[in-house]
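Student: I have just opened this structure and would like some guidance. Could we go through a few local features together?

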Amino acid sequence: MKTITCVLSVLLLAVFSQCRRNTEPSSATVKHSPDDPFANTIVPSQIFSVQADRDTVLEGSQGTVLVFPKGCFQNASGQVLDRGEVKIELAEALTLDQMLLSNLTTTADGKPLETDGM
């Protein structure tokens, strides 16, 4: 259950080929404002490019595995993308200190959520 919960939290950080092909991480994006107190401690992003018409398995540098079946991406109008490139942003915050230093919290109804993991 902790593994599933942890993977789900990583997916929440994610911004939405064939398995392990053309999926090398590229440069990170900016995820904070210039005056963000967490700017120097936030976990770095990994950027992947995948094809919408292919089943894809990605593996992050810390071992997080993401599976995207073909046809799982939608555009802003809700239409399924059946071709084209999709950028995936993955930030792996897998330890308590990484979560805290990246300012990641879980809340429900505006209150802190106490869980057995992120």
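**Backbone and strands**

Tutor: Certainly. Please keep in mind that this is a predicted model. We may begin with Asp 109, which lies in the loop between β5 and β6 (111-112).

Student: What is the phi of Asp 109 like?

Tutor: Asp 109 is not a glycine, yet its phi is positive, at about 55°.

Student: And is Asp 109 buried or exposed?

Tutor: Asp 109 is exposed, since its relative accessible area is 81% and the cut-off for exposed is over 50%.

Student: Where is Asn 103, then?

Tutor: Asn 103 sits in the loop that runs between α2 (96-101) and β5 (107-108). Asn 103 also has a positive phi, about 60°, without being a glycine. With a relative accessible area of 46%, Asn 103 counts as partly exposed.

Student: Changing topic: which residues make up the two faces of strand β2?

Tutor: Strand β2 covers residues 56-59. Thr 56 and Leu 58 form its covered face, while Val 57 and Glu 59 form the uncovered one.

Student: How many bridges join β2 to β3?

Tutor: Four bridges join them, and β2 and β3 (residues 65-68) run antiparallel.

Student: Which residue in β3 stands opposite Val 57?

Tutor: That is Val 67. Val 57 itself belongs to the uncovered face of β2.

Student: What about the stretch between the strands of that hairpin?

Tutor: Five residues lie between β2 and β3 in the hairpin, where Gly 63 takes a positive phi near 95°.

How values were computed
Residues are numbered from 1 along each chain as its sequence is written. This is a predicted model: local features need pLDDT of at least 70, side-chain atom pairs count only at pLDDT 80 or more; totals for chains, interfaces and linings use all residues. Side-chain values use heavy atoms; hydrogens and water are left out. Buried means under 20% relative accessible area, exposed over 50%, partly exposed in between (1.4 Å probe, protein chains only). Two strands pair if DSSP finds at least two bridges between them.
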